[in-house]
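This report introduces a single protein model to a reader who has not met it before. Please keep the sequence and the structure in view while reading.

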Amino acid sequence: MHFQSGLRATVRLINFALLLSLIAIDLSAVTSTATPAKKKKRHHVAVAKSVALTKVSTTHRVRRQVYSPWSEPTYADSTSGDNVDGEDLTVRRAAVEALGPFNGAVVVVDPTTGRILTMVNQKLALSGGFTPCSTIKVSVALAALKEKLIERTTKVRLYGRTKMELTEALAHSNNYYFANMGIQLGYDRVNYYARLFGYGETAGLDIPGEKAGYFPPAPPKNGGMGMLTSFGEEISQTPLELAALISAVANGGTLYYLQYPRTQEEIDQFTPRIKRELEIREVIPEVKPGMEGAVDFGTARRAHQDEVIMGKTGTCSEGRTHLGWFGSFNDSGPHKLVVVVLLTGGRPSIGPMAAGVAGDVYRHLTQQNYFAANHLGLTPAALVPTQMCCSR
């Protein structure tokens, strides 16, 4: 009995010892895994802090995007304050619909007479003007051709082994090409042709409120002749000045005074007035392929359509205002029109966007059969309710 009792006690002690050892092993395992768990917890805390910082940073970036560095709004009611008396209402409706919500101006002119058919955003169109950006390249090309510095197929060295001819340079608005032209022409000759083409003077004949543009008396301090003839540095161009020059290209070289008849009587008695003959008829065919190329495969592709459209875009900034220009004309059909678009505001205000607006003007008018030989213009005097055509 005593032996059995002692044996049981011994077995209990052994079992107790084994139990203690197992507990010790389990505790060791828990301890060994506890440390990584704490590290993992600290890792999670660190990740959480990182996420919180990312959220704050993202919120900050969004606020920067909302802030606009441009002083002019991109969108506005551009018809506000306009007087439509005397305008061709079919053309005005097309221009207003094409411009849509953009802050800008649209001027449409009959290049065979100089009559302004519509002027959307008259306050902007009659203002003192803006940097012409790359639209200055049209007048530079005409000057270089007239001075026989180049022909249309002349390869001009740009940099390294790269060369380019006039058609491609106009279509793609190459700055190196026209900076080179400006340096070769020199200030005196560029100034002569710019004045001849109407820069620095009012384009209209007794149009109330019209202000003249500006041409600098010397090469710009910023970039000299290269910047003058590739970007229009220090030049101030009005939409009416560009419309008058593009009209001269469209009609073969006659610079008309732009006239803006405001009554049916003035329309009935309208007589074209020539400002001067530019004597560029022989070089205009050298410029046209580049202006057509701009629309077909260059910077003005948004204006492309079945009918032939020719034009030149311009994009740049003036202070805190982004500018988008497009001067154009249709070169087919019995009725030619010159359409000039100027967009101001933020980043959407670019030359290709202005080309799209002009393209829509031509499309709307084509849908109205405006370019047919028997079309008659519609003016407010022919209607009782004049507000219907010209509001959005």
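## Buried residues, cavities and a disulfide

Asp88 is buried, because its relative accessible area is 4%, where buried means under 20%. The model in which this value was computed is a predicted one. Along the chain, Asp88 is found in the loop between helix H1 (2-66) and helix H2 (89-99). Its side chain makes a polar contact with the side chain of Tyr370, at 3.1 Å. The backbone around Asp88 also meets another part of the chain, since the C-alpha atoms of Asp88 and Thr118 are separated by 6.3 Å although the two residues are 30 residues apart along the chain.

Thr254 can be described in a similar way. Thr254 has its place in strand E5, which covers residues 254-256, and at 9% relative accessibility Thr254 counts as buried. The side chain of Thr254 makes a polar contact with the side chain of Glu277, at 2.9 Å. The two side-chain contacts are set out below.

| Residue | Partner | Polar contact |
|---|---|---|
| Asp88 | Tyr370 | 3.1 Å |
| Thr254 | Glu277 | 2.9 Å |

The next topic is empty space inside the protein. Rolling a probe the size of a water molecule over the atoms shows where empty space is left. How many cavities of 30 Å³ or more does the structure hold? The structure holds two of them, and the largest cavity has a volume of about 60 Å³, while about 40 Å³ of space lies in the second largest cavity.

The lining of the largest cavity consists of Ile136, Ser139, Val140, Ala143, Leu185, Val190, Tyr193, Ala194, Phe197 and Phe215. Helix H4 (136-146) and helix H6 (175-196) each supply at least two residues of this lining. Sorted by class, the lining residues of the largest cavity divide into nine nonpolar, one polar and no charged.

The second largest cavity is lined by Phe197, Gly198, Glu201, Thr202, Ala203, Glu241, Ala244, Leu255 and Lys275. By class, this second lining has four nonpolar, two polar and three charged residues. Phe197 appears in the lining of the largest cavity and also in the lining of the second largest cavity.

Phe197 also takes part in the aromatic contacts, for which the count comes to seven aromatic pairs. The rings of Tyr193 and Phe197 have their centres 6.0 Å apart and their planes at 45°, so this pair is tilted. Both Tyr193 and Phe197 are buried, and together with Tyr192 they form one aromatic cluster.

The last topic is a covalent link. A disulfide is a covalent bond between the sulfur atoms of two cysteines. The count for this structure comes to one disulfide, which joins Cys133 to Cys316 with an S to S distance of 1.9 Å. The pair links distant parts of the chain, with Cys133 in the loop between helix H3 (122-125) and H4, and Cys316 in strand E7 (residues 309-318), 183 residues apart. With -60° about the S-S bond, the link of Cys133 and Cys316 is left-handed. Are the two cysteines, Cys133 and Cys316, buried or exposed? Cys133 is buried, and Cys316 is buried as well.

Terms used: Residues numbered from 1 in each chain as written. Predicted model: local features only at pLDDT ≥ 70, side-chain atom pairs only at ≥ 80, totals over all residues. Heavy atoms only, no water. 1 Å grid on protein atoms, 1.4 Å probe; cavity = no way out; pocket = protein on both sides within 12 Å on 5 of 7 lines; lining within 4 Å. Points joined across faces, edges and corners; volume = space filled by probe spheres on them. Helix = DSSP H or I, 4+ residues; strand = E, 2+ residues; numbered from the N terminus. Nonpolar A, V, L, I, M, F, W, Y, C, P; charged D, E, K, R; others polar. Disulfide = S-S within 2.5 Å. Buried < 20%, exposed > 50% of the residue type's maximum accessible area, 1.4 Å probe, protein only. Polar contact = N/O pair within 3.5 Å; in protein donor to acceptor, adjacent residues only side chain to side chain. Phe/Tyr/Trp six-rings, centres within 6.5 Å; stacked < 30°, edge-to-face > 60°.
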